[in-house]
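Reader: Could you take one part of this model and describe it closely, and then set that part within the rest of the chain? Please give the cut-offs behind any term that you use.

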Amino acid sequence: MKLKDKVVAAFSGMTALHAAAALGRGGACAAILADARFTAINARDARGKTARDLAEASEHDGVAALLPPGAHQLFAAAQAGDAARCAAILAHGGFTAEELNASDNDGGATAMHAAATTDVCKMLLEDARFTEINAADKSGATAAQLADDNGHRDVAEMIVADERCTDDI
């Protein structure tokens, strides 16, 4: 195999975030992540590696620390009530059910806990990968309970109306 072919194979399927992470360019990673148009945080290259995987494999621990787990962007968009961003993130095929259901903070909250609007809540409920509708955060509160406690009665009612929900508010 020629050198050119080896280089093309090595970079196949990479996003700009993959390249920046692999090269240890923390500033570039931060700029890419800050761009709302970038939703491929957990995209996998041709070898099945995420940008975070490449940073860790290259021992760029500082850069790897900048790259949040997959739940981060969805959690932030849900918390902001940004339905368009949530839709873009959910449409990305690179997210697994485990990533979408993951807790994103020390409090154990999921994107459903963070859902600030009925549009975001509906999107999460309709995504077959989002299965942890009854998950409790570290304080023991479910998303429905948290929504109700925080005055988001419409979101709480939408969650409780889902047949998978075991809550009663």
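Author: M123 belongs to helix α10, where helices (H or I, at least four residues) and strands (E, at least two) are DSSP runs numbered from the N terminus. The model is a predicted one, in which local features need pLDDT of at least 70 and side-chain atom pairs count only at pLDDT 80 or more, whereas totals for chains, interfaces and linings use all residues. Residues are numbered from 1 along each chain as its sequence is written, and side-chain values use heavy atoms, with hydrogens and water left out.

With a relative accessible area of 21%, M123 is partly exposed; buried means under 20%, exposed over 50%, and partly exposed in between, for a 1.4 Å probe and protein chains only. Setting aside residues up to four places away in sequence, M123 touches A83, C86, A87 and L90, a contact being heavy atoms within 4.5 Å. L90 stands 33 residues from M123 along the chain, and their C-alpha atoms are separated by 8.4 Å.

These four partners of M123 lead to the packing of α7 against α10. A83, C86, A87 and L90 are the residues through which α7 meets α10, and on α10 the contact is made by D119, V120, M123 and L124. By class, 7 of the residues in this contact are nonpolar, none is polar and 1 is charged (Ala, Val, Leu, Ile, Met, Phe, Trp, Tyr, Cys and Pro count as nonpolar, Asp, Glu, Lys and Arg as charged, the others, Gly among them, as polar). The axes of α7 and α10 come within 9 Å and cross at roughly 15°. The two helices are therefore roughly parallel, the term for angles under 35 degrees. The crossing of α7 past α10 is right-handed, that is, the near helix is turned clockwise from the far one by less than a right angle.

The loop between α6 and α7 holds G81. G81 is partly exposed, at 21% relative accessibility. Beyond its neighbours within four places in sequence, G81 is in contact with A116, T117 and V120. D119, at 38 residues from G81 in sequence, has its C-alpha atom 7.8 Å from that of G81.

Helix α10 also packs against α12. Their axes come within 9 Å and cross at roughly 15°, which makes α10 roughly parallel to α12. Here too the crossing is right-handed. On α10 the contact involves T118, C121, K122 and L125, and on α12 it involves D154, V155, M158 and I159. This contact comprises 5 nonpolar, 1 polar and 2 charged residues.

Residues of both packings recur in the largest nonpolar core. A nonpolar core is a set of buried Ala, Val, Leu, Ile, Met, Phe, Trp, Tyr and Cys residues joined through side-chain atoms within 4.5 Å. This one has 27 residues, and L74, M112, V120, C121, L124 and I159 touch the most other members. At least two residues each come from α6 (71–80), α7 (83–91), α9 (111–114), α10 (118–126), α11 (143–149) and α12 (153–161). In soluble globular proteins, nonpolar side chains tend to be buried together. M112 contacts C121, L124, L125, F130, A143 and I159, leaving aside neighbours within four places in sequence. Apart from this core lies another, of 15 residues, including A20, F38, A43 and A55.

Past α10, the loop that leads to α11 contains T142. At 6% relative accessibility, T142 counts as buried. Its contacts outside the nearest four places in sequence are with H113, N134, A135, A136 and D167.

Elsewhere in the chain, E59 occupies the loop between α4 (51–57) and α5 (61–66). Although E59 is not a glycine, it has a positive phi of about 60°. E59 is exposed, at 68% relative accessibility. G27, in helix α3 (residues 26–34), is likewise exposed, with a value of 60%. The C-alpha atoms of G27 and L66 are 9.5 Å apart, with their positions 39 residues apart along the chain.

For the chain as a whole, the secondary structure comes to 12 helices and 0 strands. Of its 169 residues, 43% count as buried. Among contacts between residues at least 6 apart in sequence, 66% join residues at least 24 apart.

Key
Axes are lines fitted to C-alpha atoms, for helices over the stretch in contact, and angles run from 0 to 180 degrees between N-to-C directions. Angles under 35 degrees count as roughly parallel, over 145 as roughly antiparallel, 65 to 115 as roughly perpendicular and the rest as oblique.
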